[in-house]
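With the model open in your viewer, follow the stops below in order, making each selection before reading what is there.

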Amino acid sequence: KKRMQMFIAAKDRLFCSVAQNIATAQKRYTQDYNRRRTITEKFEVGSLVLMRNSRRDSRKGDKMLDKYLGPYEVVEVKNKGIYHLKNVKTGKKLVKMVNVARLK
């Protein structure tokens, strides 16, 4: 009977330790996720930016293509890091809006 109580106490201590480790790991994972997902750069209307050429990501070859396209001018700023751009050379607005992750 005493031996069984020792096992139960050891099991309870182990479960508490596991629960604390899981909570610590979840907190660390949440912090890492939030750190990577925050918008670090913010551009204002009228700023000149370059847009990453995402065509290069899916194509093989074309190593000599530019990594960034532009320059573009920020015309409108939407919430959550979405931008509406205008080509500086032609003066035409882009049809699609661009996420801040693609801008430099």
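Begin by selecting His-84, which in this predicted model touches Glu-73, Val-74, Val-75, Glu-76, Lys-93, Leu-94, Val-95 and Met-97, once residues up to four places away in sequence are left aside. His-84 itself belongs to strand E3, and among the residues it touches are Glu-73, Val-74, Val-75 and Glu-76, so colouring the neighbours separately from the histidine will make the arrangement easier to follow while you read that His-84 has a relative accessibility of 13% and therefore counts as buried, the cut-off being under 20%.

Stay with strand E3, and select Tyr-83 together with Phe-43. Which kind of aromatic pair do Phe-43 and Tyr-83 form? A search of the whole structure finds 1 aromatic pair, and Phe-43 and Tyr-83 make it up in an edge-to-face arrangement, with 5.8 Å from centre to centre and 70° between the planes. Because Phe-43 sits in the loop between helix H1 (2-37) and strand E1 (48-52), whereas Tyr-83 is in strand E3 (residues 82-87), the pair ties together parts that are 40 residues apart in sequence. Both Phe-43 and Tyr-83 are buried.

Next, move the selection to Lys-63, in the loop that runs between helix H2 (55-58) and strand E2 (68-78). Is Lys-63 buried or exposed? With a relative accessible area of 70%, Lys-63 is exposed. Add Ser-47 and draw a distance between the two C-alpha atoms: Lys-63 and Ser-47 are 16 residues apart along the chain, and their C-alpha atoms are separated by 28 Å.

Now clear the selection and show the whole chain as a cartoon. The chain contains 2 helices and 4 strands, which follow the pattern α-β-α-β-β-β when read along the sequence. Turned along its principal axes, the C-alpha trace spans about 85 × 35 × 20 Å, and the radius of gyration is 26 Å, where a compact globule of 104 residues would have one near 13 Å. Of the contacts with a separation of 6 or more, 36% are between residues 24 or more positions apart.

Finally, switch to a surface view. The chain exposes about 9,000 Å², of which carbon and sulfur atoms supply 54%, while buried residues make up 14% of the 104 residues. Colouring by charge brings up 27 positive and 9 negative side chains, and the centres of these two sets lie 9 Å apart.

Terms used
Residues are numbered from 1 along each chain as its sequence is written. This is a predicted model: local features need pLDDT of at least 70, side-chain atom pairs count only at pLDDT 80 or more; totals for chains, interfaces and linings use all residues. Side-chain values use heavy atoms; hydrogens and water are left out. The radius of gyration is taken over C-alpha atoms; the globule rule is 2.2 Å times the number of residues to the power 0.38. Buried means under 20% relative accessible area, exposed over 50%, partly exposed in between (1.4 Å probe, protein chains only). Contact means heavy atoms within 4.5 Å. Accessible areas come from the Shrake-Rupley method with a 1.4 Å probe; for residues, only the protein chains shown count as cover. Lys and Arg count as positive and Asp and Glu as negative; His and the chain ends are not counted. The place of a charge is taken as NZ of Lys, CZ of Arg, CG of Asp or CD of Glu. Rings of Phe, Tyr and Trp (its six-membered ring) pair if their centres lie within 6.5 Å; planes under 30 degrees apart count as stacked, over 60 as edge-to-face and the rest as tilted.
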